[in-house]
Amino acid sequence: MTAWVALSPANLQSGCMKFLPGSQRQDPLQHVDTFHKDNLLSRGQEIAVQVDGEKPVDCILNPGEMSLHHVKVVHGSEPNRSNDRRIGLAIRYIPTDVKQLKVRDSATLVRGVDRDHNFDHEPRPKRDLDDAARTAHEDAINRQVKALYSGTDKQAFRA
């Protein structure tokens with residue numbers, strides 16, 4: 001489950017997210033990596049199938065509002081045509097039995113008990129700019145880069 005929290009207006013002008021209702025019930029769709037300069041996803045991912053006859057639903061959000069969507073729901077956005085940035089925060093929730101197959105990943109346990117031990121636990125910061133938390137964050141980013149760019153020649157997030 002992804003919670004996308006709007007920190008700025010996400011509307012038709014700024015390229016709000018669009019969802020294809022019911023698409024999460026399909027088998028996972030094939031994706032293609034484009035690494036296109038105008039696609040802000042890590043690998044410029046796009047679904048590799050034509051979406052026929054379906055009407056996507058606009059998810060217009062004001063700052064402080066959020067959308068919740070399943071990882072398999074077909075989603076995307078149009079370019080931002082406003083004079084401002086569209087800023088949001090994606091928070092991904094997964095059960096503890098999920099496992100990252102490309103690297104040993106880290107995560108924050110937000111509820112319950114971790115009986116599966118598939119992730120290294122990230123430390124809770126003790127104060128603002130806590131050195132241990134900053135080090136753990138850098139480690140988490142490095143793990144994400146390795147997982148996201150596995151099988152490519154990329155070594156760092158695109159700027």
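1. Let's begin with Val 5 in this predicted model: its bridge partner in E6 is Met 66. Right beside that pair, Trp 4 has Ser 67 of E6 as its bridge partner. Both pairs belong to the contact between strand E1 (residues 2-6) and E6, where four bridges link the two in the antiparallel sense.

2. Strand E6 (residues 66-69) deserves a look by face. Ser 67 and His 69 sit on its covered face, while Met 66 and Leu 68 make up the uncovered one. Put together with the bridges, Val 5 is thus matched to a residue of the uncovered face, Met 66, and Trp 4 to one of the covered face, Ser 67.

3. Stepping back, E6 belongs to an open sheet of three strands, ordered E6-E1-E8 and paired antiparallel. The edges are E6 and strand E8 (88-92), each of which pairs on one side only. On average, neighbouring strands here are turned by 15° against each other, direction ignored.

4. You will find another open sheet of three strands, with antiparallel pairing and the order E5-E2-E7. Its edge strands are strand E5 (57-59) and strand E7 (75-77), and each pairs on one side only. Neighbouring strands in this sheet are turned by 35° against each other on average, again ignoring direction.

5. For a closer check of that sheet, try strand E2 (residues 17-19), which runs antiparallel to E5 and is joined to it by three bridges. One of the residues to display is Lys 18, whose bridge partner in E5 is Asp 58.

Methods:
Residues numbered from 1 in each chain as written. Predicted model: local features only at pLDDT ≥ 70, side-chain atom pairs only at ≥ 80, totals over all residues. Heavy atoms only, no water. Buried < 20%, exposed > 50% of the residue type's maximum accessible area, 1.4 Å probe, protein only. Pairing = 2+ DSSP bridges. Axes fitted to C-alpha atoms, helices over the stretch in contact; angles between N-to-C directions.
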